[in-house]
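Got your viewer open? Set it to a cartoon view and keep the selection box handy, and we'll walk through this one together.

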Amino acid sequence: MFHYERESRTAQSECYVVENEAGSRGRVDLHFAAPLVYATLCVPESWAEEDIQDVIADVDDRWAQTADPLRDDLIVTVWRGQEVGVYSQEDGAADD
């Protein structure tokens, strides 16, 4: 079971934090380019292939399919690794 929390949304994209029952977090970024939907899924190294497939199915059911039922395909690029951090220009300005 996964929990999804939207971080941002534009007319052509959405970004979600994905969290599993153990509290391990991933991220999925969706880009709507009719008739295709592109997704980038970033997950921790500990997630099994079954977890990845479950998230892809959720993304397809919840957002990709509902955005355009006549879409041609959902294309997902998956990255597996560790989170290093979140950076912004504000962070760098505080160090000066």
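We'll begin with the whole chain and then pick out a few residues.

**Before you click**

You're looking at a predicted model, where local features need pLDDT of at least 70, side-chain atom pairs count only at pLDDT 80 or more, and totals for chains, interfaces and linings use all residues. Residues are numbered from 1 along each chain as its sequence is written, and side-chain values use heavy atoms, with hydrogens and water left out.

**Select everything**

Colour by secondary structure and you should find two helices and five strands. Helices (H or I, at least four residues) and strands (E, at least two) are DSSP runs, numbered from the N terminus. Follow the chain from that end and the order reads β-β-β-β-α-β-α. The C-alpha atoms fill a box of roughly 50 × 30 × 20 Å along the principal axes.

How much of the protein is buried? Buried residues make up 29% of the 96 residues. Here, buried means under 20% relative accessible area, exposed means over 50%, and partly exposed is in between (1.4 Å probe, protein chains only).

**Select Ser24**

Go to the loop between strand E2 (13-20) and strand E3 (25-33), and you'll find Ser24 there. Is Ser24 buried or exposed? Its relative accessible area is 18%, so Ser24 counts as buried. Now show side chains: the one on Ser24 makes a polar contact with the side chain of Trp47, at 3.0 Å. (A polar contact is a pair of N or O atoms within 3.5 Å; within protein, one must be able to donate a hydrogen and the other to accept it, and residues adjacent in sequence count only if both atoms are side-chain atoms.) Leaving aside neighbours within four places in sequence, Ser24 is in contact (heavy atoms within 4.5 Å) with residues including Val18, Pro44 and Trp47.

**Select Ala34 and Pro35**

Move along to the loop between E3 and strand E4 (36-44), where Pro35 lies. Zoom in on the peptide bond from Ala34 to Pro35: this bond is cis, with omega near 10°.

**Select Trp79**

Next stop is strand E5 (residues 73-81), home of Trp79. With a relative accessible area of 56%, Trp79 is exposed. Which residues does Trp79 touch, once neighbours within four places in sequence are left aside? They are Thr40, Leu41, Cys42 and Val43. To finish, add Glu45: 34 residues separate Glu45 and Trp79 along the chain, yet their C-alpha atoms are 9.0 Å apart.
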